[in-house]
Amino acid sequence: MSRIDELRELLHRANRAYYVDAAPFMSDAEFDRLLAELAALEAAHPERFDPNSPTQRVGGEPSTGFVQVTHRVPMMSVDNTYSTDDLRAWWDRCEKALGHSFAAVADPKVDGVAISIRYEHGRLVQAATRGDGTTGDDVTRNIRAIDAVPLVLAAPEGAALPPVLEVRGEIFMPNASFERINDERRRAGEPEFMNARNSTAGTLKSLDPAVVRSRGLSFVAHGVGHVEDVTLDGRPVATYLDFLRALRTLGIPVPGTEVRCTSADECVAAIERFGAARADLAYAVDGMVVKVDAFADRAALGVTAKSPRWAVAFKYPAERKPTVLRSIAWQVGKGGTLTPRATMDPVVIAGTKVQHATLHNIDEIHRKDLRIGDTVVVEKAGEIIPQVVEVDRAKRLADALPVEPPAACPSCGEPVTKEGPKLFCTNAACPEQFRERLKWFVGRNQMDIDGLGEKIVDQLLDAGLVRGFADVFRLDPARVAELTSESVTKSGKRVVRKIGGKTAESIVAGAEQAKGRGMARLLESLGIRHMGTASAKAFARAYPDIDALRTASPEDLMQIHDIGEVTAPSIHADLHSPAMDRTLRELRDTGVSMASTSFQARVASAPDTPSDAFFAGKTVVLTGELESLDRRTATERLEALGAKVTGSVSKNTHLVIAGPGAGSKLAKATELGIEVWDEARLLRALAEG
Ligand SMILES: [Zn+2]
């Protein structure tokens with residue numbers, strides 16, 4: 001055996017000992033030293049390249065997109081249940097359908113992202129996400145970057161490796177990784193991740209395996225995909241439990257906490273036992289999956305259109321934990337609403353670090369009798385934002401402080417008004433309101449000023465460089481470049497960082513570009529009450545510019561679809577307020593366009609040549625990444641030309657615009673024989689109108 005082979009084998013084995021057997025025999029330093037030796041040898045012998053070498057966990061350049069993979073065995077999702085009664089009913093159904101008693105295996109439902117990993121003759125060849133169950137993204141390069149995923153399998157003693165082994169499982173972010181990453185992000189002044197599963201999904205979509213590697217993801221197998229000749233102790237594998245044992249022998253991590261049950265009672269007992277223990281696991285588990293053990297029984301039970309009949313997922317109720325309420329801050333929203341936000345001692349609940357929760361309003365605080373210093377119970381279930389459920393009265397200390405509504409706005413000091421349970425600051429010049437309104441104004445779905453994130457908005461306001469919306473369009477790049485922010489490094493050192501010339505220039509360029517967004521986007525950005533996307537678009541179709549809109553009476557405005565007798569006078573009043581007068585004048589002076597592009601397009605194509613326009617009346621679907629147009633702009637321009645842009649492909653679709661990464665929609669379009677364009681073709685057509 002050559003030294004290269006020897007090192008590869010040794011390093012794979014060390015990895016397996018660590019991730020599968022939990023019995024490491026090599027220190028990290030030793031591992032790194034041998035890995036460096038292998039890398040040097042491989043560099044000297046390029047003919048020995050192997051994508052499954054331990055050195056290739058992060059190989060090559062970032063990719064530009066994902067290719068679609070069709071699953072040979074569909075990746076189905078399992079039906080959820082929340083009650084043990086439902087679980088018992090499932091058990092009875094299976095027993096009845098089978099006509100005999102059966103065994104099932106309960107294993108933890110790890111809260112991660114489903115993956116299918118394919119090995120051929122023991123070598124990892126492909127990994128794909130679930131996608132729509134039929135086709136998913138090829139994420140092989142990213143999956144290789146995860147240490148817990150074996151690149152080559154260990155042959156069982158005296159037996160051959162299975163020719164094809166597709167394992168299904170879960171990629172997840174262990175609690176320790178989640179906390180470490182958030183620590184790093186906090187120190188770097190970046191927003192923290194809210195949820196480990198969402199971070200995992202986002203990480204797998206990264207085009208750079210080095211990013212995946214840095215996130216410390218892990219893997220556990222729990223399902224069978226397309227397999228050929230998987231054996232255990234020389235016999236073909238016929239049950240799930242044996243399949244898990246076979247995986248372990250091959251060096252693939254499995255939960256190790258699976259329980260075999262032969263009755264519904266045993267199953268419920270296992271779920272209850274595990275429910276108590278799961279909080280201590282190193283990763284988030286939101287339930288248990290119960291699966292029929294024998295593959296023959298599974299085949300007899302079959303599948304529905306969506307899910308297998310032989311499996312059911314029991315989900316635990318929302319996780320609750322006690323913590324201490326430390327303070328309540330009143331946050332001023334862009335409409336002047338004052339919302340109470342609790343700060344608590346941090347706790348990890350359902351895989352998420354929770355430190356803050358909204359308390360909704362003052363009446364809610366009094367109803368729950370929350371006091372500063374109280375021990376409170378916080379609940380969080382998966383996607384749901386954390387809630388303070390109740391106070392633990394038994395733990396109330398004598399000095400717990402009742403919460404009073406603020407008499408004055410914490411931002412401007414003006415008196416607060418109360419409407420029902422809600423508190424408002426009605427001062428139009430309130431700095432905090434303006435901060436929120438400005439963040440909205442420059443935001444991605446409004447004026448969309450490139451490079452102007454929330455943090456930089458804060459810096460601009462704090463430095464006094466922006467006092468009104470128009471100031472965004474007359475920033476002096478030299479002054480922006482000098483703005484500083486402070487952050488703390490890993491070693492606890494304070495660093496003051498300048499925005500710098502490059503970023504400053506790009507913000508100014510972004511603002512310059514945003515001047516031409518047009519009437520609809522501008523109307524929506526200004527923070528006018530009742531002015532949503534649909535109404536802003538409707539106004540821009542009906543009026544050539546904002547000046548013309550301002551000559552309209554409330555009755556005129558009511559002629560527009562969906563503008564009623566409450567909203568019309570309100571919008572009319574907002575459009576004519578002295579503050580709006582000044583804002584619009586200043587915006588116009590800085591060169592921001594008040595004109596409607598959709599009105600022009602409508603006039604240009606109507607009334608005598610409506611059918612000449614290519615897009616008029618066509619139903620168009622956008623899918624995949626667009627490079628030079630963002631999706632919203634593309635939609636607007638298509639709509640301005642009379643197209644209807646929808647989200648799903650059907651036989652009524654006329655045209656699909658597909659960018660890189662286009663998936664099931666593109667496949668469906670091809671299947672239905674619908675015309676497909678790339679972005680370049682779209683741009684040419686848009687230019688021609
Ligand atoms: Zn205020």
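These legends accompany three close-up views of a predicted model.

**View 1. The zinc ion and its four cysteine donors**. Let's start at the metal: the protein donors are the SG atoms of Cys409, Cys412, Cys425 and Cys430, which lie 2.2 to 2.3 Å from the zinc ion. Around the zinc ion, the four donor atoms subtend angles of 100 to 114°, so the arrangement is tetrahedral. For comparison, ideal angles for four tetrahedral donors are 109.5 degrees. If you would like to find the donor residues in the sequence, look for the spacing C-x2-C-x12-C-x4-C. Buried here means under 20% relative accessible area. Cys425 is buried, with a relative accessible area of 3%, and Cys430 also counts as buried, at 0% relative accessibility.

**View 2. His226 and its surroundings in strand S8**. Next, have a look at His226, placed in strand S8, which covers residues 218-228. The side chains of His226 and Glu228 are joined by a polar contact of 3.3 Å. Leaving aside residues up to four places away in sequence, His226 touches Arg72, Val73, Arg118, Val164, Leu165 and Glu166.

**View 3. Packing of helices H1 and H2**. Our last stop pairs helix H1 (residues 3-19) with helix H2 (residues 28-44), whose axes are 10 Å apart and pack at an angle of about 145°. The crossing of H1 and H2 is left-handed. On the H1 side, the contact is made by Arg3, Ile4, Leu7, Arg8, Leu10, Leu11, Ala14 and Asn15. H2 contributes Phe31, Leu34, Leu35, Glu37, Leu38, Leu41 and Glu42 to the contact.

Technical notes:
Residues numbered from 1 in each chain as written. Predicted model: local features only at pLDDT ≥ 70, side-chain atom pairs only at ≥ 80, totals over all residues. Heavy atoms only, no water. Donors = N, O, S within 2.8 Å, 3.2 Å for Na, K, Ca; no water. Tetrahedral: all angles 85-135°; square planar, octahedral: opposite > 155°, others 65-115°. Buried < 20%, exposed > 50% of the residue type's maximum accessible area, 1.4 Å probe, protein only. Helix = DSSP H or I, 4+ residues; strand = E, 2+ residues; numbered from the N terminus. Polar contact = N/O pair within 3.5 Å; in protein donor to acceptor, adjacent residues only side chain to side chain. Contact = heavy atoms within 4.5 Å. Axes fitted to C-alpha atoms, helices over the stretch in contact; angles between N-to-C directions. Left-handed = near helix turned anticlockwise from the far one by under 90°.
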